[in-house]
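Open the structure in your viewer and keep the sequence panel visible. The tour below goes from one selection to the next.

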Amino acid sequence: QTRRRVMKTPHSAFRTPHSFGLLAGWGRFPVVVAEALKRQGYRVCCQGIANHADEAALCDICDEYRTVGLAQIGGQIRWFRCHGASEATMAGKVFKTLMFERFTWLKHPPDWTCLRTFFPHFITKTQDRKDDTMLLAVVDAYARGGVTLAAATDYAPELLVKAGHLGGPQPTWAQKKDIAFGWQLAKAMGELDVGQSVAVKGQAVLAVEAVEGTDQCILRAGQLCKSGGFTIVKVAKPQQDMRFDVPTIGKGTLETLAHAGASVLAIEAEKTIVVDQEEVAAAAKRHGIAVLAISAASIRQFADAA
């Protein structure tokens, strides 16, 4: 595993009360979180997951940076502790399909802490491998190692979108019906910890997100509905833990929607992260995609659309 450390401060500055850890996955979200932490005066110690994190951008922002293997949980914890970060956060996507690749443990060798953490999930199989189950196991492993994992939105609350029309045209009557239909289905899937997004058209289900992620769900819907004009609904799980797996969209999501032929994106207000909201709004206008943030209290208005 190739590792890189960027030294920007002397060792004497390591153990300060303002050191904060960031475990960065794929996408722009970790970069935005790092920027928010720096604005608040934290000394940011970042570990970027190999083949996921934007190393160049994070190196420019963070005080300490290194690339780390996904399964090196013990090493991650020790590195944070060594740099005085007893509190950390996770931000960015981790490609869950890695779990199902052949010889994945050879490509991403686990350390002892990882083996002990996931022994019940992969060896004895006494526990399932749902997203929440796996991520809570990581949270518990970090806690045992002396590092508390906090919600990134506690430090960048402005990323949680407010209710309203974010961009593009207003939805039609039929699209409002699809939003209400998709919302109910997405919440049911979230409660089962299957996924957070569904694609619908004419109150018929086109695709449901599972391990592949939102973008692939959108693209599959486009393949199944060549005429386009479908609606994507993305919501938080009813039991959403804001420390991880918070629904997130950005400009790239709009590009995927446009490529697939979608017409509407409805997300849950106050529970969804929108990265670079102005760019999202501009992309929605450019592609003619209606983007709305809807509260749970107002969804009935869409169900009753007439």
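Which residue in β14 is the bridge partner of histidine 165? Select histidine 165 and look across to β14: the partner is leucine 292. Keep in mind that this is a predicted model.

**Stop 1: strand β14 and its neighbours**

Now select residues 290-294, which make up strand β14. Of its 5 residues, 5 are buried, so the strand is largely enclosed by the rest of the structure. Show the side chains: Ala290, Leu292 and Ile294 point one way, while Val291 and Ala293 point the other way. In a regular strand, side chains alternate between the two faces of the sheet.

Add residues 164-167, strand β7, which runs antiparallel to β14 and is joined to it by 3 bridges. Next add strand β12, residues 262-268. Here the two strands run parallel, and 5 bridges join β12 to β14. To find one point along this pairing, select glutamate 268, which stands opposite isoleucine 294 of β14.

**Stop 2: helices α8 and α9**

Select residues 214-224 for helix α8 and residues 251-260 for helix α9. Two packed helices are described by the angle between their axes and the distance between the axes. For this pair, the axes come within 8 Å and cross at roughly 15°. That crossing angle makes α8 roughly parallel to α9. The crossing is right-handed. To see where the helices touch, show Asp215, Ile218, Leu219 and Gly222 on α8, with Thr253, Thr256, Leu257, His259 and Ala260 on α9.

**Stop 3: helix α5**

Move to helix α5, residues 112-122. Its buried residues include Cys114, Phe118 and Phe122. What do the buried residues of α5 pack against? Select 73-82, 104-107 and 131-144: these are α3, α4 and α6, and the buried residues of α5 pack against them.

**Stop 4: the cysteines**

Finally, select the cysteines. How many disulfides does a search of the whole structure find? The search finds 0. Cysteine 46 is in no disulfide, and the nearest cysteine sulfur, in cysteine 62, lies 4.2 Å away. Cysteine 46 is buried, with a relative accessible area of 0%.

Why does cysteine 217 have no bond to cysteine 225? The sulfur of cysteine 217 is 13 Å from that of cysteine 225, its closest cysteine sulfur, and this is too far for a bond. Cysteine 217 is buried, with a relative accessible area of 0%.

Conventions. Residues are numbered from 1 along each chain as its sequence is written. This is a predicted model: local features need pLDDT of at least 70, side-chain atom pairs count only at pLDDT 80 or more; totals for chains, interfaces and linings use all residues. Side-chain values use heavy atoms; hydrogens and water are left out. A disulfide is a pair of cysteine sulfur atoms within 2.5 Å. Buried means under 20% relative accessible area, exposed over 50%, partly exposed in between (1.4 Å probe, protein chains only). Helices (H or I, at least four residues) and strands (E, at least two) are DSSP runs, numbered from the N terminus. Two strands pair if DSSP finds at least two bridges between them. Axes are lines fitted to C-alpha atoms, for helices over the stretch in contact, and angles run from 0 to 180 degrees between N-to-C directions. Angles under 35 degrees count as roughly parallel, over 145 as roughly antiparallel, 65 to 115 as roughly perpendicular and the rest as oblique. A crossing is left-handed if the near helix is turned anticlockwise from the far one by less than a right angle, and right-handed if clockwise. Contact means heavy atoms within 4.5 Å.
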